[in-house]
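Hi,

Here is the structure I said I would pass on. Have a look at it first, and then read my notes underneath.

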Amino acid sequence: MASNGPVLSGDARKQLLFAVRKVLAPIIRLLIRLGISYQEFAELARGVYVESAIKDRIGPAFTPTRDRVSLMTGLTRKQVDYYVDNENALPRARPTLARVIPEVLHRWHTDSHYLGPYGIPIELEFESPPGRSFKSLVAQVDPTASAGHVLEDLLQAGCVAHSGEKHFRAIARWFVLPDALSSLRLDYFGHTLSHLARTLEYNFDPAHVDNKRLERFVFADKGLSRALLPAFESHVRKRTVQFLSDVDDWIAHSGGKALPDAGVEAGVNVFLYVDPPPDSRSISELVQPRRAIGRARQPPRKLP
Amino acid sequence: MISGEIRGRMLFALRRILRPLARLLIGAGIRFDEFAELARGVYVESAIRNGLSQKVLPTRERVGMTTGLTGRQVDYYIDNEGALPMADPTLAALLVEVLQKWHTVPPYAGPYGIPLELEFDSPSDRCFRSLVALVDPGADSRLALEELLRTGAAAPSGERHFRAVSRSLTMPDPTSPQLIEHFGKTLSRLAATLEYNMYPEHSAKRLERFVIADRGLARELIPEFDTYVRGRAADFLLDLDNWLAPHSADEPNAADRVDTGVNVFLYAEPPTVDEPLSLPAERRMPATSGKNFR
C-alpha cells in the first residue's frame with residue numbers, strides 16, 4: 001500500500017481523478033500559452049510529489065526515508081535522490097511586490113497619519129516632507145522595498161493618479177492587478193489557488209469538523225440569462241466592496257498588530273465565476289482527420 | 001515572447017499550486033505515474049480545445065509540437081475516449097438547490113422565510129417530493145431525502161414530517177465523492193477566473209478581490225476573525241442570493257443561460273518557508289548522483 005491516507009471508495013477515487021483533471025485544465029491552458037511543455041511540467045510535478053511526501057508527513061506513522069518516499073510516490077529511488085540532493089531542482093522565485101502594494105494602499109486609507117478630514121487619504125508628494133510622503137509610507141510597510149517601483153505599479157494599475165505636478169492621490173482602496181501576464185499576476189495566481197486549496201483541504205479534515213474555515217458560495221440555480229450577467233456582476237462588485245471594506249476595517253482595528261513571526265497569513269477572497277458551456281464534442285472531433293500514410297490503422301494501445 | 005522571468009514565475013506558481021494536489025493524491029494512494037498520465041491527457045485536451053487557433057482544426061502533429069508530447073502519446077488520448085477520467089455528477093448540486101428553495105420559495109418557505117415542515121409525498125403540491133421535482137423533475141426524491149438526513153441538513157420531525165435544519169449542505173465524510181467534487185469544481189472555477197483575468201483580450205475582467213492581514217494575524221485571533229467574516233459573509237451572500245432568486249425561474253431559452261455564482265473563502269495558514277528537502281530520520285545508501293536526470 002502506498003499511503004496511510006484515507007481509503008477512498010471506487011466512486012470517490014474516480015471523482016478525485018476527475019476533480020484533478022478539472023483543476024489542471026485552466027492551469028495547463030496557461031502553461032501552454034507560456035510555452036511550458038509537458039516535460040517541464042512533469043519534471044516539476046515529480047519534484048512536488050517528492051516534496052509533499054517528505055514535508056507533509058502524510059499518514060500517522062510516517063518516517064521519511066528515501067525508500068519510503070519512493071514507495072509512496074511511485075517514483076524510483078534515483079528520481080527521489082535527484083530532488084533530495086539537488087537544492088535547485090525545484091523552482092524558486094524572489095518575492096515580488098505583491099504583498100507590499102496592497103498594504104501600502106491599505107495604510108494610505110486607514111492610517112490616521114496619511115488621512116485627511118473625513119478619513120479621505122491625503123495627496124502625497126514622492127519624498128517630501130520625509131515623514132509624510134509616499135516614500136515614508138512605503139518605508140513603513142517594507143523599508144527594503146523600492147518606493148519608485150511601488151508607485152510605478154500603482155500608477156500602472158490605475159490605483160494611484162498624478163495630482164498636479166508633484167502630488168499623487170490614491171484612487172482605489174483595492175489593488176487591481178495589471179492586465180497583462182506579469183510576475184505579480186503569476187505570483188498571485190499561485191498564492192490564491194494554493195490558499196483556496198488549503199482551505200478546502202483543511203475543511204476536509206475530520207479533525208476540523210467543528211471549526212471549519214469559511215468557504216461559501218451562491219449560484220444561479222438554473223443559470224442566469226447571459227443578458228443579465230453584467231447587471232449581476234455590477235451588483236456583486238458593489239456589494240463586494242462593502243463586504244471587504246468591513247473585513248479590512250476589522251483587520252485594521254482588531255487584528256493587524258500581530259508580530260510577523262507570531263502570526264499566520266490570513267485573508268478573505270471573493271470571486272465570481274462563469275462556467276463555460278458544456279462541450280460534449282470529443283477531442284477526436286476537434287482535430288484534423290489523420291492522414292493515411294500507407295499503413296493499416298492500428299487500434300490504440302495502452303501507453304507503456 | 002515570454003521572458004525568462006515570467007516563465008520562472010509561472011513554474012514557481014505551479015509548484016505552489018501542485019503541492020496541495022500532490023498531498024491529496026499521495027494521501028489517496030495515487031502514484032505519480034497515474035497523475036502524470038492524467039496530466040498528459042489534460043495537456044492534449046487543452047491544446048486541442050483552447051490552446052490552438054480555432055480558425056483551422058489543429059493537426060495531431062501541431063498538438064504534439066505545442067505540448068511537447070510524442071505523436072504516439074497524442075494519438076493515445078485522441079483515439080481513446082476513456083483515456084481521461086470521467087465521473088458522474090453527484091447529488092450535491094441538487095441538494096444545495098433543494099435546500100435553497102426550501103428556505104426561499106413559497107409554498108415551502110413560510111412567513112419570515114422559515115422553511116415549513118414537509119411530509120414526503122402529501123399533499124402532492126407541497127411535499128418533499130414536489131420540492132425535489134421543482135428543482136429536477138427527473139431526480140430521485142427518496143435518495144435526495146436520504147442524503148439530506150445523512151448529512152444532517154434535514155431531520156425527521158414527528159412521525160411523518162421532515163424539517164430543514166440548515167440552509168447549507170455540509171458533508172460529514174471527508175472522503176465522500178460530493179466533497180471531492182466540490183474541491184474540483186471550486187478550485188477549477190477560481191483557476192478559470194484568474195486565468196480569464198490574465199489575458200489582455202478580456203478587457204472586462206471578472207470580479208476577484210481580496211483583503212489580507214498585512215502582517216498576518218495572531219493565531220489566537222483567527223477564531224474571532226472567522227466569526228466576524230462568517231457573519232458579514234452570510235449577509236453578503238444572502239443579498240446576492242436574493243438578487244438571483246427572481247431571475248432563477250425557468251427561462252425559455254436554456255442555451256442563453258450561463259452558470260455563474262460567487263464564492264467567498266477565508267484562509268489562514270502559517271507562513272511558508274522554502275527549506276531544502278531533508279530527511280532527518282533517514283538511513284540511506286550512499287547518495288547516487290542525480291545530476292542531469294530526466
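Below is what turned up when I went through it, starting with the two chains together and ending with a few backbone details.

One thing to keep in mind throughout: this is a predicted model.

**How the chains meet**

Start with the contact between the two chains. On the chain B side, 176 residues are in contact with 181 residues of chain A. Putting the chains together buries about 19,800 Å² between them, and carbon and sulfur atoms give 63% of that area.

There is plenty of polar detail to look at here too. The count of salt bridges between chain B and chain A is 17. One of them is formed by A:Arg13 and B:Glu34, whose closest N and O atoms are 3.0 Å apart. Residue pairs in polar contact between the two chains come to 65, counting pairs where both residues are at pLDDT 80 or more. If you want to know which element of chain B gives the most to the side touching chain A, go to helix α1 (residues 4-27), with 22 residues.

**Rings and charges**

Next, the aromatic residues. A search of the whole structure, over all chains, finds 20 aromatic pairs. A stacked one is A:Trp250 with B:Tyr228, at 5.9 Å centre to centre and with 20° between the planes. A:Trp250 lies in helix α9 of chain A (residues 229-255) and B:Tyr228 in helix α9 of chain B (residues 222-244), so this pair joins two chains. Their surroundings are worth a look as well: A:Trp250 counts as buried at 10% relative accessibility, while B:Tyr228 is partly exposed, with a relative accessible area of 25%.

Ring pairs also build a cluster with members from both chains: A:Tyr38, A:Phe41 and A:Tyr49 are linked with B:Phe32, B:Phe35 and B:Tyr43.

I picked B:Phe35 out of that cluster for a closer look. This residue sits in helix α2 (residues 32-51) of chain B and is buried, with a relative accessible area of 2%. Leaving out residues up to four places away in sequence, B:Phe35 touches A:Val20, A:Leu24, A:Phe41, A:Ala45 and A:Tyr49 from chain A, along with B:Leu18, B:Leu25 and B:Ile30 from its own chain. For a sense of scale, take B:Arg163, which is 128 residues from B:Phe35 along the chain: the C-alpha atoms of the two are separated by 43 Å.

Two arginines have their charged ends over tyrosine rings. A:Arg33 has its charged end over the ring of B:Tyr199, 3.7 Å from the ring centre. Within chain A, the charged end of A:Arg213 is over the ring of A:Tyr202, 3.9 Å from the centre.

**Inside chain A**

The secondary structure of chain A comes to nine helices and six strands. Of the 304 residues in this chain, 55% are buried. Among its contacts between residues at least 6 apart in sequence, 49% join residues at least 24 apart.

A:Arg213 comes up again around helix α8, which covers residues 183-204 of chain A. A:Asn203 lies in that helix and is buried, at a relative accessible area of 10%. Apart from neighbours within four places in sequence, A:Asn203 is in contact with A:Lys212, A:Arg213 and A:Glu215. A:Thr199 also lies in helix α8, and counts as buried at 2% relative accessibility. Again skipping residues up to four places away, A:Thr199 touches A:Arg213, A:Leu214 and A:Glu215, and across in the other chain B:Phe265, B:Leu266 and B:Tyr267.

**Backbone details**

Where are the cis peptide bonds I noted? One joins A:Ser128 and A:Pro129, with omega about -5°. A:Pro129 is in the loop between β1 (124-125) and α6 (134-141) of chain A. Another runs from B:Pro106 to B:Pro107, with omega near 10°, and B:Pro107 is in the loop between α5 (92-104) and β1 (118-119) of chain B.

Finally, A:Tyr118 has a phi near 60°, a positive value in a residue other than glycine. A:Tyr118 is in the loop between α5 (100-110) and β1 of chain A. Is this residue buried or exposed? Exposed, with a relative accessible area of 84%.

Happy browsing!

How values were computed:
Residues are numbered from 1 along each chain as its sequence is written. Chains are lettered from A and ligands numbered from 1 in the order in which they are written. This is a predicted model: local features need pLDDT of at least 70, side-chain atom pairs count only at pLDDT 80 or more; totals for chains, interfaces and linings use all residues. Side-chain values use heavy atoms; hydrogens and water are left out. Rings of Phe, Tyr and Trp (its six-membered ring) pair if their centres lie within 6.5 Å; planes under 30 degrees apart count as stacked, over 60 as edge-to-face and the rest as tilted. Helices (H or I, at least four residues) and strands (E, at least two) are DSSP runs, numbered from the N terminus. Buried means under 20% relative accessible area, exposed over 50%, partly exposed in between (1.4 Å probe, protein chains only). A charge sits over a ring if NZ of Lys or CZ of Arg is within 6 Å of the ring centre and within 35 degrees of the ring normal. Contact means heavy atoms within 4.5 Å. Buried area is the accessible area (1.4 Å probe) that two parts lose on being put together, summed over both. A salt bridge is a side-chain nitrogen of Lys or Arg within 4 Å of a carboxyl oxygen of Asp or Glu. A polar contact is a pair of N or O atoms within 3.5 Å; within protein, one must be able to donate a hydrogen and the other to accept it, and residues adjacent in sequence count only if both atoms are side-chain atoms.
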